[in-house]
Amino acid sequence: MSGFIAGAPSSSEPLRRFFQVARGAGLRVSAAEGIDAARAVDVVGFADRVLLKDTLGLILAKTPEEKDLYDEAFELYFKRDAFSGGDTAGDEDEQRADTGNGPQAGGDGMGGSGGQSLGSLLEGDDRAALAAEMEKAAREAGVENIRYFTQKNLYARRILDRMGLRGLERDMEAMHGTPEGLSRAQVLEGRVEQLRDAVRDFVERALLLYAKGETEKFREELLKSTRLSNIERRDLDRMRILVRQMAKKLAARYAKTRRRRLRGQLDTRRTLRRNMGWGGIPFITVWKQKRIEKPRVIVLCDVSGSVAAMSGFLLMFLYALNEALSDIRSYAFAGSLIEVSEILEKEPVEQAIAKIMQTIGYGSSNYGNSFADFEDGWMQFVNNKTTVIILGDGRGNRTDPRTDVIGRLSQRCKRIIWLNPEYRSAWGTGDSDMYRYAPFCNLVTVCNTLRHLERVITDILEDAA
């Protein structure tokens with residue numbers, strides 16, 4: 001098979017395009033799976049649609065989620081329009097491969113099957129041949145490169161031109177000189193409108209097929225860079241999926257035990273053991289290593305109304321990272337502070353966050369009182385390996401900010417990272433105490449998008465030692 005297996009060219013092109021569609025829909029199709037699928041299609045062929053779908057599904061869909069994606073991609077790709085004479089998009093490709101792809105479409109009205117003009121195909125209402133010409137013209141026009149809905153008319157016109165519509169339009173104008181020609185022209189005009197509709201439908205389906213993956217990627221990148229407080233309710237499910245995906249990627253990278261070489265410190269015992277084969281002569285040196293500890297994290301989240309959305313995503317992110325963190329203790333505060341670790345551990349994160357918000361969320365914030373609550377109840381859990389993350393806007397409604405508590409906390413912990421969802425220009429204005437807390441923090445940064453959040457968590461994991 002060309003592109004897959006030598007000596008079997010018949011099914012390579014429809015399969016190649018289907019793999020492109022499947023990957024765009026979210027399926028992971030490896031090169032080895034592509035080879036297996038090509039071999040299987042050589043055996044079962046394209047004639048039996050159910051058999052083809054089941055065969056490819058066994059190879060390409062590995063999970064229930066991928067099975068759903070595969071079903072949707074298969075049905076959309078192998079669906080045929082009103083001019084279709086067969087059941088699958090592969091039938092015409094297979095026939096064209098066996099016959100050398102037939103004549104090339106031109107711009108003079110010719111380009112039909114067996115050298116027939118577009119006008120002859122329309123007058124004969126040869127729908128199978130028209131479908132074949134449409135698909136061939138679409139390939140020549142590069143319809144698989146369509147990405148945006150604004151390109152639909154462009155590609156539709158390119159396909160019609162390659163099918164020979166411009167030449168046919170000139171021929172139809174010449175027919176108006178005689179009554180018989182006028183009658184033929186009127187019939188052709190109706191058929192041409194049907195062809196236009198079919199091509200538009202074909203291009204719309206191509207947009208759904210080939211642009212879905214790019215559109216999803218664009219949408220995801222847009223959501224990652226959108227302020228979390230501006231996320232619309234319809235996008236919340238997608239955002240939760242993005243959070244889990246990002247956390248899973250980070251956990252896979254940092255969950256394993258890591259070690260750092262201590263340059264200049266020779267490990268004598270291991271060096272001697274490594275060189276026993278040379279009589280102890282140190283041809284190979286082994287340096288001492290320091291184990292990089294997984295970070296211990298304490299999170300203090302402001303869950304008052306202005307910061308609630310950001311707090312929920314931060315907690316969701318951290319608890320999806322539990323494999324890469326040795327210990328997480330979480331606290332929520334508004335007017336006072338409570339520990340919410342147990343709620344987050346026992347219940348699904350989304351339900352736990354809703355319960356936390358019902359318990360203490362959406363009230364007026366009092367940072368000083370909340371920090372005092374933490375010192376009285378939980379300061380003993382902080383040591384020199386603890387990273388403290390504070391998420392809040394630092395607006396305590398003109399109450400005592402209790403910077404003395406933050407000062408004592410900074411002396412006990414490894415570092416304090418303050419994430420503020422407000423832009424820096426708003427810090428210190430009105431009832432904001434950010435510039436009073438900042439001297440006690442190792443890092444104070446704006447954090448109001450998923451991209452910001454990913455960057456901060458990555459830095460924590462990378463600087464764990």
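**A stacked aromatic group, a buried glutamate and a helix crossing**

Trp418 is buried, and Tyr437 is buried too. Both belong to a predicted model. They make a good place to enter it.

Start with Trp418. Its relative accessible area is 0%, so this residue is buried, the cut-off being under 20%. The ring of Trp418 pairs with that of Tyr437. Their centres lie 4.9 Å apart and their planes stand at 20°, so the pair counts as stacked. Trp418 sits in strand β7, while Tyr437 sits in helix α19 (residues 434–437), so the pair ties together parts 19 residues apart in sequence.

Now turn to Tyr367. With a relative accessible area of 1%, Tyr367 is buried. How many aromatic pairs does the structure hold? There are 14. One of them joins Tyr367 to Trp418. Here the ring centres are 6.0 Å apart and the planes meet at 15°, so this pair is stacked. Tyr367 belongs to helix α17 (residues 367–378) and Trp418 to strand β7 (residues 415–420), so the contact of their rings ties together parts that are 51 residues apart in sequence. Trp418 thus takes part in a stacked pair with Tyr367 and in a stacked pair with Tyr437.

Which residues make up the aromatic cluster? Phe333, Tyr367, Phe371, Trp418 and Tyr437 form one cluster.

Next, a charged residue. Glu454 lies in helix α20 (residues 450–462). Is Glu454 buried or exposed? Its relative accessibility is 11%, so Glu454 counts as buried. What surrounds this side of the helix? Setting aside neighbours within four places in sequence, Glu454 is in contact with Met246, Lys249, Leu250 and Phe317.

Finally, go to the helices α1 and α4. Helix α1 covers residues 12–24 and helix α4 covers residues 64–77. Their axes come within 10 Å and cross at roughly 135°. Why are α1 and α4 called oblique? Angles over 145 degrees would count as roughly antiparallel, and 65 to 115 as roughly perpendicular; the crossing falls in neither range, so the two helices are oblique to each other. The crossing of α1 past α4 is right-handed.

Look at the residues that meet there. From α1 come Pro14, Arg17, Phe18 and Val21. From α4 come Tyr70, Ala73, Phe74 and Tyr77. The residues of this contact divide into seven nonpolar, one charged and no polar.

Terms used. Residues are numbered from 1 along each chain as its sequence is written. This is a predicted model: local features need pLDDT of at least 70, side-chain atom pairs count only at pLDDT 80 or more; totals for chains, interfaces and linings use all residues. Side-chain values use heavy atoms; hydrogens and water are left out. Axes are lines fitted to C-alpha atoms, for helices over the stretch in contact, and angles run from 0 to 180 degrees between N-to-C directions. Helices (H or I, at least four residues) and strands (E, at least two) are DSSP runs, numbered from the N terminus. Angles under 35 degrees count as roughly parallel, over 145 as roughly antiparallel, 65 to 115 as roughly perpendicular and the rest as oblique. A crossing is left-handed if the near helix is turned anticlockwise from the far one by less than a right angle, and right-handed if clockwise. Contact means heavy atoms within 4.5 Å. Ala, Val, Leu, Ile, Met, Phe, Trp, Tyr, Cys and Pro count as nonpolar, Asp, Glu, Lys and Arg as charged, and the others, Gly among them, as polar. Buried means under 20% relative accessible area, exposed over 50%, partly exposed in between (1.4 Å probe, protein chains only). Rings of Phe, Tyr and Trp (its six-membered ring) pair if their centres lie within 6.5 Å; planes under 30 degrees apart count as stacked, over 60 as edge-to-face and the rest as tilted.
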